[in-house]
Structure formats: structure tokens, C-alpha cells
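Me: I should like to go through the structure below and ask what justifies each term applied to it. Please set each value against its cut-off.

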Amino acid sequence: MRVSEKVAARLKELGAELRHGVSLADQTSLGIGGTTDEILLRRYEAIPEIMRLLADENIPHKFLGGGTNVLVDDGELSFVVLHLPSTTPGMRVEGNAAYVDAAADLGGTVTFCAKRDLGGMEGLIGVPGSIGGALRMNAGAYGTQIGPHVREVELYRAATGEIETLRGSEVRFDYRHTSFAPDDVMLRVKLELPSKPFKEILAGIKVCNEKRRGSQPLNQKSAGCIFKNPPGGSAGRMIDELGLKRHRVGDAMVSDRHANFFVNVGHATCADMLKLIDEVRERVRTAYGIELENEVIVWRN
Ligand code: EPU
């Protein structure tokens with residue numbers, strides 16, 4: 001989607017940067033996705049005005065974080081993408097509190113806090129993505145989730161059209177799901193983390209890194225786990241038991257390392273990946289009577 005000259009001029013006045021014809025394949029860890037205009041939100045204060053402009057002009061939009069948990073449609077996209085610039089995201093520690101911009105890298109934040117003797121997030125070290133995305137999805141791994149550490153979130157709230165600060169207790173953090181609205185834009189977070197000596201945190205980080213390296217296809221293009229685990233079960237184990245590792249549609253393939261990771265081994269399209277997801281879901285439904293739910297967020301045209 002290409003925005004009009006009139007909208008482009010207004011965005012410029014509002015301090016946003018507009019990029020035409022950006023490829024989402026270049027911005028997502030799956031390496032899949034068509035092209036559209038991208039709006040870089042350089043001034044947080046202008047976000048409410050920008051959202052009003054998009055609503056007034058009937059411009060559909062989606063907000064892209066780190067691009068590590070999203071499967072984007074092929075071709076010319078019917079929506080624009082909003083993005084927070086990630087060049088110098090703020091991170092600051094004060095006592096046991098860490099104040100972090102949503103555009104900051106999750107792993108980078110874990111390390112930054114560790115160096116200041118703040119732990120509790122070791123399990124999240126290898127989870128790719130931004131702090132904003134981690135908040136929205138309540139990212140988790142190896143027994144750690146980000147939700148319990150959240151004390152405050154500054155965000156653009158779609159419900160009020162304003163920038164607000166919510167207390168952590170006002171947000172529901174469930175398994176890979178939160179009470180944030182789809183149109184809310186995470187801006188900053190205050191985390192509260194337990195004091196721990198750097199060396200101890202580092203030892204925990206190393207254990208998680210080794211586990212992850214041993215079980216996940218880290219050097220391939222993926223969006224992490226494709227399906228949520230069903231209550232009490234493991235999507236990866238079920239798919240593996242059905243012998244579906246290496247099953248492929250075009251260049252979209254079930255990883256031979258971890259069966260809940262679907263990888264792009266070449267030039268997979270969104271259509272390939274969606275077909276693979278459907279085929280695997282169907283096989284699991286038939287064999288186990290369980291309907292697997294997507295963990296990856298799908299952006300259809
Ligand atoms: N398993 C298999 N075959 C496979 C994959 C897994 O038999 O191909 C078995 C394992 O041996 C293990 C069980 O299934 O007994 C669970 O596997 P694993 O420990 O790898 O954890 P998971 O439940 O598949 C979850 C998260 C991951 C997170 C890991 C580590 C979900 C959907 N996945 O995976 O998160 O990294 O635990 O804590 O909750 C993600 O969110 O994208 C993600 C990758």
C-alpha cells in the first residue's frame with residue numbers, strides 16, 4: 001500500500017519518517033512477506049495524532065516490533081506498517097528497576113541488566129525480538145516469562161487514543177497472550193528484577209543457551225514455535241511423533257531439529273507456510289483430536 005502525497009506531507013510535519021515499498025521479507029526472521037509503506041514513529045508524542053490521521057484517511061495499519069513472531073502475506077500488502085526506530089533504544093537501571101524502551105532488543109536487555117547485577121530473566125536470553133513484542137506476547141522460555149517482572153508499561157492505548165501508563169497489575173499476562181489490544185503500541189516498560197551477582201546470572205544464561213542450541217534450529221529462518229503448546233502437551237513432540245520433521249511445502253519445512261519450528265529453507269512464500277501449517281494442524285487433529293492454535297501472528301492481506 002502506498003500512502004498519498006497529502007498523508008506523506010502530514011506525516012513529515014508530525015516528525016515521522018515514511019519509507020515507500022519496504023519489503024517485509026527483509027524485516028522478519030522468517031524472511032517472508034510482501035511490500036508496503038513503512039512509517040517510522042520517531043516522536044512518541046506524535047503517535048496519537050498519527051493514529052487519528054490513519055483512521056481519518058482509512059489507512060489500515062499494523063505495528064511491527066522485532067519481526068520475529070510474525071508471518072506476513074505475499075505481494076503488495078493492503079496495510080501500512082508502523083515501526084519504532086531501534087537505533088538507540090533507552091535502557092536505564094535504578095536500584096532493582098530497569099526502564100527500557102519497547103524497541104530495545106530483548107536479549108540485549110537481559111544482558112544489560114545482568115551486567116548491573118539484576119537477574120530473573122536468564123531464560124529469555126535467546127528469545128529473539130524486541131521488548132515491545134515480548135510484552136505483547138508475554139514471551140517466555142525455560143520457566144521464565146516477562147509478565148511477572150512488569151511494573152509499569154507506557155503505551156499508546158487504542159481504546160482512549162492517548163499515551164498512558166498502566167501498572168503491571170492492570171495487565172493480564174497469560175501463556176503467550178496478554179490483555180493488550182491489537183492496536184495498542186508499547187513504548188516503554190519498567191521492570192523489577194531481583195538482585196543477583198553477574199557471575200551467577202551468566203551461569204544461568206549459559207545453561208539456557210546450551211539447551212536452546214541443542215534443541216532449536218537457531219541458524220535458520222524461523223519465527224520460533226509455530227503453534228502454542230496445548231494444555232499439558234507439547235506441539236513439538238506430537239508433530240515429531242507423526243514423523244513430520246522435514247515435511248515441506250515448497251521451501252517451507254518442518255525443522256528436522258525441533259518439530260514446532262517451521263523454517264524457510266529458500267524462497268518460501270506465505271502461501272507455502274500457511275499450507276504447511278494447515279497440513280500439520282490437520283494431521284495432529286486427526287491423530288490426537290487436538291486443535292493446535294497458532295503461536296505465530298499471521299498478517300493476511
Ligand atoms: N520434543 C520432541 N521433538 C521435537 C521437539 C520437542 O520430542 O521435535 C519434545 C522434547 O524432547 C521435550 C518436549 O517435546 O520433551 C518439549 O520440548 P521443548 O523443551 O523444546 O519445549 P517446547 O514446549 O517445544 C517451549 C516454548 C519455546 C521455548 C521452549 C524452552 C512454546 C510453544 N514453546 O517449547 O518457545 O523456547 O519451551 O522453554 O511454548 C516460542 O515461543 O517461539 C518458543 C520457541
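Reply: The model is a predicted one. In helix H1 (residues 5-13), Val7, Ala8 and Leu11 are buried. These residues cover an arc of only 100 degrees around the axis, which puts them on the same side of H1.

Me: What makes residues three or four places apart point the same way in an α-helix?

Reply: An α-helix has 3.6 residues a turn, so residues at that spacing point the same way.

Me: Which residues are exposed on the other side of H1?

Reply: Glu5, Lys6, Lys12 and Glu13 are exposed there. The word "exposed" requires a relative accessible area over 50%.

Me: Why is Arg176 called buried or exposed?

Reply: The relative accessibility of Arg176 is 18%, and the cut-off for buried is under 20%. Arg176 therefore counts as buried. Arg176 is placed in the loop between strand E12 (173-174) and strand E13 (177-178).

Me: What makes the pairing of the side chains of Arg176 and Glu295 a polar contact?

Reply: The two side chains approach to 3.1 Å, and a polar contact calls for a pair of N or O atoms within 3.5 Å. The contact between Arg176 and Glu295 accordingly qualifies.

Me: Why is Glu170 placed in its accessibility class?

Reply: Glu170 has 44% relative accessibility. Buried needs under 20% and exposed needs over 50%, so Glu170 counts as partly exposed. Glu170 belongs to the loop between strand E11 (162-167) and E12, and its side chain reaches the backbone nitrogen of Arg167 at 2.7 Å.

Me: What is notable about phi in Asp117?

Reply: Phi of Asp117 is near 60 degrees, a positive value in a residue other than glycine. Most residues other than glycine have a negative phi. Asp117 lies in the loop between helix H3 (106-115) and helix H4 (131-137). Its relative accessibility of 36% is between the two cut-offs, so Asp117 is partly exposed.

Me: How do you know whether Asn138 is buried or exposed?

Reply: Its relative accessible area is 0%, whereas buried means under 20%. Asn138 is therefore buried. Asn138 also has a positive phi, of about 50 degrees, although it is not a glycine. It is found in the loop between H4 and strand E8 (140-141).

Me: What makes E15 and strand E16 (residues 252-254) a pair?

Reply: Pairing requires at least two bridges between two strands. There are 2 bridges joining E15 to E16, so the requirement is met. These two strands run antiparallel, and Met253 in E16 is the bridge partner of Arg248.

Me: Why are strand E15 (248-249) and strand E17 (262-264) called edge strands?

Reply: The open sheet has 3 strands in the order E15-E16-E17, with antiparallel pairing. E15 and E17 are its edge strands: each pairs on one side only.

Me: How do you know that a side-chain atom of Tyr175 is placed for a polar contact with the ligand?

Reply: A polar side-chain atom of Tyr175 lies 2.6 Å from a ligand oxygen atom, and the limit is within 3.5 Å. A backbone N or O atom of Tyr142 also lies 2.6 Å from an oxygen atom of the ligand. For Ser234, a side-chain N or O atom is 3.1 Å from a ligand oxygen. The ligand taken alone exposes 810 Å², of which the protein buries 73%.

Me: What surrounds the ligand, by class?

Reply: The shell has 7 nonpolar, 7 polar and 6 charged residues. Helix H6 (residues 235-241) gives the most to this shell, with 3 residues.

Key: Residues are numbered from 1 along each chain as its sequence is written. This is a predicted model: local features need pLDDT of at least 70, side-chain atom pairs count only at pLDDT 80 or more; totals for chains, interfaces and linings use all residues. Side-chain values use heavy atoms; hydrogens and water are left out. A polar contact is a pair of N or O atoms within 3.5 Å; within protein, one must be able to donate a hydrogen and the other to accept it, and residues adjacent in sequence count only if both atoms are side-chain atoms. Accessible areas come from the Shrake-Rupley method with a 1.4 Å probe; for residues, only the protein chains shown count as cover. Helices (H or I, at least four residues) and strands (E, at least two) are DSSP runs, numbered from the N terminus. Ala, Val, Leu, Ile, Met, Phe, Trp, Tyr, Cys and Pro count as nonpolar, Asp, Glu, Lys and Arg as charged, and the others, Gly among them, as polar. Buried means under 20% relative accessible area, exposed over 50%, partly exposed in between (1.4 Å probe, protein chains only). The arc is that of the directions from the helix axis to the C-beta atoms.
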